[in-house]
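Colleague: I have a model open and some labels I want explained. Can you take me through them?

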There are 2 protein chains.
Amino acid sequence: MRIGELARRTGVSERSLRYYEKQGLLASGRTPGGHREYPEAAVDRVVRIQELFAAGLSSSKIAQLLPCMRDADGGPSAVATPRLVSALAEERARIDRMIADLLRSRETLDEVIDAARGR
Amino acid sequence: MRIGELARRTGVSERSLRYYEKQGLLASGRTPGGHREYPEAAVDRVVRIQELFAAGLSSSKIAQLLPCMRDADGGPSAVATPRLVSALAEERARIDRMIADLLRSRETLDEVIDAARGR
DNA sequence: CTAGAAGTTGACACCCATGTCAGATTCAAG
DNA sequence: CTTGAATCTGACATGGGTGTCAACTTCTAG
């Protein structure tokens, strides 16, 4: 599929898709004229990338991580180096802290909302 | 206490504390010479502010929210307007989505980490 | 062949909390 | 007083993903 359809189906702007490619997160074939051509699996990949971005990972971390992921198409995954594993473990810890923060903030919001609705 | 101590105790930079004040998130008394003076409760407040920032709320939302929060010192809380309540409900939904994303990302990381450690 | 939709690259702007630097002032201890 | 640490204000920079515009090229339906 082409970039417009991929953008529509993932909800990610064309701008961002091109950016992902420049960062080495998303590969694409090209038509003879130079237009990008994506396989079906690109949809899942883009969604995954977005999630990781939302989780606060940088493009370079994601770029290292992606080849080690079990793809939707069950492609052969590279195996993470020990160095990468420890970096990922740190990210995991960061995510845990982030989740804890979010739970607290949600509770804070709930208190205010409940107080306002309560009377 | 003064800004240096508050920064040390909260782990938030002096720069950010001054920024919070300019955004109306954090009040301070002043010494005759103009140095900021914070009450003990400022520590909790700053931590709360940081959590809300981490949860993706903007300073202006936080500024609206703070007066409605039950403070650590049990101060009198303002009551949120219906308009604010609905904005907060949206934020709450956003936080829920964010948590769901984080859980997925954490799982992704775990898969890669486990695969690398597994052999 | 042709028109209009869709795609390409490159450059510039923005957000917005935070870092950092400079120069001046205040505080607190000797 | 004096001196060094702490604080003040203001200004500029940064990161990093995304928006947007411009000028051009390619694709595709008729």
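Colleague: What makes H2(B) stand out at the surface near DNA strand C?

Modeller: H2(B) gives the most to that surface, with three residues. A residue is near a strand if its C-beta atom, placed from the backbone, lies within 6 Å of it. Helices (H or I, at least four residues) are DSSP runs, numbered from the N terminus. This is a predicted model: local features need pLDDT of at least 70, side-chain atom pairs count only at pLDDT 80 or more, and totals for chains, interfaces and linings use all residues. Residues are numbered from 1 along each chain as its sequence is written, while chains are lettered from A and ligands numbered from 1 in the order in which they are written.

Colleague: How many residues surround DNA strand C, and which are the closest?

Modeller: 19 residues surround the strand. The closest are Arg2(A), Gly4(A), Arg36(A), Ser13(B) and Gly33(B). Helix H1 (3-10) of chain A and helix H2 (14-22) of chain B each give two or more residues to this surface.

Colleague: Why are H1(A) and H3(A) called oblique?

Modeller: They pack at an angle of about 55 degrees, with their axes 10 Å apart. Axes are lines fitted to C-alpha atoms, for helices over the stretch in contact, and angles run from 0 to 180 degrees between N-to-C directions. Under 35 degrees counts as roughly parallel, over 145 as roughly antiparallel, 65 to 115 as roughly perpendicular and the rest as oblique. H1(A) and H3(A) are therefore oblique.

Colleague: Which residues meet there?

Modeller: Leu6(A), Arg9(A) and Thr10(A) in H1(A) meet Ala42(A), Val43(A), Val46(A) and Val47(A) in H3(A). Contact needs C-beta atoms, placed from the backbone, within 7 Å.

Colleague: How many residues of chain A are in contact with chain B?

Modeller: 33 residues of chain A are in contact with 33 residues of chain B. H5(A) brings the largest share of chain A's side, 21 residues.

Colleague: How do you know that the copies meet through the same surface?

Modeller: 100% of the interface residues of chain A are also interface residues in chain B, so the surface is the same.

Colleague: What makes the two copies related as by a two-fold rotation axis?

Modeller: A turn of 180 degrees and a shift of 0.0 Å along the axis lay chain A on chain B with an RMSD of 0.1 Å. The relation is thus as by a two-fold rotation axis. Copies are superposed by least squares on the C-alpha atoms of residues with pLDDT of at least 70 in both. In chain A, the C-alpha nearest the axis is that of Ile99(A), 3.1 Å from it.

Key:
Contact = placed C-beta atoms within 7 Å.
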